[in-house]
Amino acid sequence: MEKIYLALVDTPGLFASMIRKTIGIPYVHVAIGLDPGLKEAYSIGRRNPFIPLIAGFEQEYLPSICSAFPTARYKVVSLECTGWQKAAIAAQLEECYDNRFRYHYCVLGLPFLLMNVPFYQKQHYTCSSFIARLLAENGIELFEKHFSLVTPRDFYELPQTELVYEGTLTNFLAADPDGYDVSQWENLYESKKYLQHRPLFGIDVPHFLYNLSRK
């Protein structure tokens, strides 16, 4: 058997506070990872941790998140899967990353979520609905409801998971067995980018300017 990892995230902020009150748990965001250190982790969330209004599919870059939210808390759990399932999930995440600007946060679906009414807008997801659908498409059926109705609370209450870590993001990074080396994260993160123009606010900009926008 193999394992995938789910990171439940508690961050400060007005929008996070609203979600926290709605779902009744401190963790307001969820990401999926391929390794326990979350060096290969993805989610539907902020494209830049410092800018809350721009969201879509992105790779989670933990040092940047830590800079934006130094008091953020993480709960990381593992979920067993087959080798085939993990490989298929990894391939699908890679494809989503290559086309990440086609994916957006499903703002229109939030009222339907509150009313417990399934709603799907093409290539628009919440963090939890994206992961729920991804897992279901690869044979990991965890919830007896439409993926659009899945919230971080559903992942928080999963009995099939095993706790890996719970505490501050700062301590999580410091406890990395390979050492908290920002350059390692930078190299891994940048290795997944291509030297091509990328859209920023609907405008194609050169690669190096796009990177500056993420600082």
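Two strands count as a pair if DSSP finds at least two bridges between them. Keep that rule in mind for the strands in the views below, which come from a predicted model.

**View 1. The whole protein is built from nine helices and 10 strands.** This is the place to get your bearings before moving in. The protein has 215 residues, and 50% of them count as buried. Now take the contacts between residues with a separation of 6 or more: 65% of these join residues 24 or more positions apart. The structure holds zero disulfides.

**View 2. Strand S1 pairs with strand S2 and also with strand S5.** S1 covers residues 2-10, and seven of its nine residues are buried. How many bridges join S1 to S2? There are five, and the two strands run antiparallel. As a landmark in this pairing, look for Ala-7, which stands opposite Ala-31 in S2. The pairing of S1 with S5 is antiparallel too, and it extends over nine bridges. Here you can find Leu-8 opposite Lys-75 in S5, while the bridge partner of Tyr-5 in S5 is Ser-78.

**View 3. Strand S5 also pairs with strand S8.** S8 spans residues 162-168, and six bridges join S5 to S8 in the antiparallel sense. Ser-78 is a handy residue to follow from the previous view: this partner of Tyr-5 also stands opposite Glu-162 in S8. Is S5 enclosed or open? Seven of its nine residues are buried, so S5 is largely enclosed by the rest of the structure.

**View 4. The largest nonpolar core holds 37 residues.** In soluble globular proteins, nonpolar side chains tend to be buried together. Which members of this core touch the most other members? They are Ile-32, Phe-57, Ile-89, Leu-93, Phe-130, Leu-135 and Phe-155. The elements that give two or more residues to the core are strands S1, S2, S3 and S5 together with helices H1, H3 and H5. Of these, H5 supplies the largest share, six residues. Apart from this core lies another, of 18 residues, including Val-9, Tyr-74, Tyr-165 and Leu-173.

**View 5. Ile-32 is one of the best-connected members of the largest core.** Try tracing its neighbours, leaving aside those within four places in sequence. Ile-32 is then in contact with Ile-4, Tyr-5 and Leu-6, as well as Glu-40, Ala-41 and Tyr-42. Its contacts also include Ile-89 and Leu-93, along with Ile-131, Leu-134 and Leu-135.

**View 6. Helix H5 is mostly covered.** H5 covers residues 127-137, and eight of its 11 residues are buried. Which residues are these? The buried set consists of Cys-127, Ser-128, Ser-129, Phe-130, Ile-131, Ala-132, Leu-134 and Leu-135. After the helix comes Gly-139, whose phi is positive, near 85°.

**View 7. A search of the whole structure finds one cavity of 30 Å³ or more.** Rolling a probe the size of a water molecule over the atoms shows where empty space is left. The volume of this cavity is about 80 Å³. Its lining includes Cys-106, Gly-109, Leu-113, Val-117 and Phe-119. Also lining the cavity are His-124, Thr-126, Ser-129, Phe-147 and Ser-148. Cys-106 counts as buried because its relative accessibility is 4%, under the 20% cut-off. Elsewhere, Cys-96 is buried as well, at 5% relative accessibility.

**View 8. Gln-123 sits in the loop between helix H4 and strand S7.** Is Gln-123 buried or partly exposed? Its relative accessible area is 25%, so Gln-123 is partly exposed. Beyond its neighbours within four places in sequence, Gln-123 is in contact with Arg-102, Tyr-103 and His-104. Arg-100 lies 23 residues from Gln-123 along the chain, and their C-alpha atoms are separated by 9.9 Å.

**View 9. Lys-145 lies in the loop between H5 and helix H6.** With a relative accessible area of 37%, Lys-145 is partly exposed. Not counting residues up to four places away in sequence, Lys-145 touches Val-150 and Asp-154. Where does Pro-118 stand in relation to Lys-145? The two are 27 residues apart in sequence and 8.7 Å apart in space, C-alpha to C-alpha.

Methods:
Residues are numbered from 1 along each chain as its sequence is written. This is a predicted model: local features need pLDDT of at least 70, side-chain atom pairs count only at pLDDT 80 or more; totals for chains, interfaces and linings use all residues. Side-chain values use heavy atoms; hydrogens and water are left out. A nonpolar core is a set of buried Ala, Val, Leu, Ile, Met, Phe, Trp, Tyr and Cys residues joined through side-chain atoms within 4.5 Å. Buried means under 20% relative accessible area, exposed over 50%, partly exposed in between (1.4 Å probe, protein chains only). Helices (H or I, at least four residues) and strands (E, at least two) are DSSP runs, numbered from the N terminus. Contact means heavy atoms within 4.5 Å. A disulfide is a pair of cysteine sulfur atoms within 2.5 Å. On a 1 Å grid over the protein atoms alone, a cavity is a set of points where a 1.4 Å probe fits but cannot get out, and a pocket is an open set with protein on both sides within 12 Å along at least five of seven lines; lining residues have an atom within 4 Å of a point. Grid points are joined across faces, edges and corners, and a volume is the space filled by probe spheres set on the points.
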